[in-house]
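Student: Could you take me closely through one part of this structure, namely how its pieces are divided up and how the helices pack against one another? I would like one connected account rather than a list.

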Amino acid sequence: MVDLAQIWVYLARDPLAALTATLLAWMAGLRLAELCRWHPAANPVVFAVAILVALLLASGVEYRAYFEGAQFVHFLLGPATVALAVPLYRQWRHVRASAPAALLAVVSGGAVAAAVGVALGWAFGASPAVVASLAPRSVTTPVAMGIAEQIGGLPGLTATVVLASGVVGATLGPLVLNAARIRDWRARGLAMGTAAHGLGTARALSVNTAAGAFSGLGMGLNALATALLLPLVWRFFAG
Amino acid sequence: MIPGLAILLGCQLVGEVLARSLHMPVPGPVIGMALLFLGLLARDQLWPRAARPDPGTPGLGQVADALLGSLGLLFVPAGLGVVVYGPQLARSWAPLSLAIVVGTLLCIAFTGRVAQALMRRFG
């Protein structure tokens, strides 16, 4: 007689189940995105997260227990960020000529992202901690969490807000770029990376190699610029 | 493939150590990315014959392509954090969603416009 409770205890403790579920949900997400003919608004990350949230809620497994297992996937974000140097290196000949233009566009774009987020949050009566969590919204998760901590935000909330911004940018960004008649692949990539960090870059990489390289550049430059400037600007205004 | 992975992890490790020891506000992986990029450029300067469209280091290009090819997957575990912050998100959903949607899309349009205008003028 098989003891179901014992199997359940094993599954809940071992990373195997969480890892397998994550990969299967991702594959299902890719399949769904393919069924939608890779429309920009059909993002595989959103599908995969939705599937897993439903699974967690249905099975009553806590997020922390799930993350214990899924952290192996999460860990790869580090080396993947380092790996963004490779497409940048491959495209360096293109990038080099427009590096000053890119830097200027990224710094001004990053400032707009932070300012609009803070202004809207403040105008609609969010608490100071929530407003501070919104400020570093457009940069990649680990940087954003560090900045939020420095300026009095909630790092955990920031992580969620950052990911939501990434999803919004990756799904609706291409439509906005089309509407704004931005056809230069370099400018499109740069905008995606600046506003929607890794998720925007993932989208840009899957569409065009030059856009992917510029998106990685935008993400890296915005992370550097925001990490260096935002705490200073914040201290200046918050007194 | 393993040498490529070792290079990526090594750059990240050096980046993390630098960030912590120098109290830099920038996270280790971003410093690691800058280090790897500068390293590849330096190699091409020192050994011009090693310069290729692909980073010639054994397997580095392969590992990078494999990781970046499934970059979206790597965001899934953190994305589930939405469950934990559900109540907080629900409480201030209006400012949060407005700031996220309007802020992000404005930033994309603005950055794209500025970049396109500057690149047209300066190449």
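Tutor: The domain assignment splits chain A into domain 1, residues 4–75, and domain 2, residues 82–238, and everything that follows should be read with the reminder that this is a predicted model. Taken over C-alpha atoms, the centres of domain 1 of chain A and domain 2 of chain A are 26 Å apart, and the contact between them draws on five residues from domain 1 and seven residues from domain 2. On the domain 1 side of that contact, the residues divide into four nonpolar, one polar and no charged.

Chain B is likewise given two domains, with domain 1 at residues 1–74 and domain 2 at residues 81–123, and here the C-alpha centres are separated by 28 Å.

The UniProt record, an unreviewed entry, adds a further layer to this division. For chain A it places the feature "transmembrane region" at residues 16–33, 45–66, 72–89, 101–124, 157–177 and 213–237. Two of these spans can be set beside the model: residues 213–237 of chain A are 100% helix and 0% strand, with end C-alpha atoms 35 Å apart, while residues 45–66 of chain A are 86% helix and 0% strand, with end C-alpha atoms 17 Å apart. For chain B the unreviewed entry gives the annotation "transmembrane region" to residues 29–46, 66–86 and 92–112. Of these, residues 29–46 of chain B are 100% helix and 0% strand, the end C-alpha atoms lying 25 Å apart, and residues 92–112 of chain B are 95% helix and 0% strand, the end C-alpha atoms lying 30 Å apart.

Turning to the packing inside chain A, consider helix α8 (residues 99–123) and helix α13 (residues 209–238), whose axes are 9 Å apart and which pack at an angle of about 60°. With angles of 65 to 115 degrees counted as roughly perpendicular and those under 35 as roughly parallel, α8(A) and α13(A) are therefore oblique to each other, and α8(A) passes α13(A) in a right-handed crossing. From α8(A) the contact uses A:A102, A:L103, A:V106, A:V107, A:G110 and A:A114, which meet A:F214, A:L217, A:G218, A:L221, A:N222, A:A225, A:T226 and A:L230 of α13(A). By class, this contact of α8(A) with α13(A) comprises ten nonpolar, four polar and no charged residues.

A second pair in chain A is formed by helix α11 (residues 155–179) and helix α12 (residues 185–207), whose axes come within 7 Å and cross at roughly 140°. Since only angles over 145 degrees count as roughly antiparallel, α11(A) and α12(A) are therefore oblique to each other, and their crossing is left-handed. On the α11(A) side the contact involves A:S165, A:G166, A:V167, A:G169, A:A170, A:G173 and A:L177, and on the α12(A) side the residues include A:R188, A:A191, A:M192, A:A195 and A:R203. Sorted by class, the contact of α11(A) with α12(A) has nine nonpolar, seven polar and two charged residues.

Helix α11(A) also leads across to the other chain, for it packs against helix α7 (residues 93–122) of chain B at an angle of about 45°, with the axes 9 Å apart. This pair, α11(A) and α7(B), is therefore oblique as well, and the crossing is right-handed. The α11(A) residues in this contact are A:V161, A:A164, A:S165, A:V168, A:G169, A:L172, A:G173, A:V176 and A:L177, and they meet B:L96, B:I100, B:V101, B:T104, B:L105, B:I108, B:A109 and B:G112 of α7(B). The residues of this contact of α11(A) with α7(B) fall into twelve nonpolar, five polar and no charged.

Finally, the contact between the two chains as a whole takes 97 residues from chain A and 67 residues from chain B, and the side of chain A that touches chain B consists of 69 nonpolar, 23 polar and five charged residues.

Technical notes. Residues numbered from 1 in each chain as written. Chains lettered and ligands numbered in written order. Predicted model: local features only at pLDDT ≥ 70, side-chain atom pairs only at ≥ 80, totals over all residues. UniProt positions renumbered as here; feature names shortened; annotations may be inferred. Helix = DSSP H or I, 4+ residues; strand = E, 2+ residues; numbered from the N terminus. Nonpolar A, V, L, I, M, F, W, Y, C, P; charged D, E, K, R; others polar. Domains from an automatic or database assignment. Axes fitted to C-alpha atoms, helices over the stretch in contact; angles between N-to-C directions. Left-handed = near helix turned anticlockwise from the far one by under 90°.
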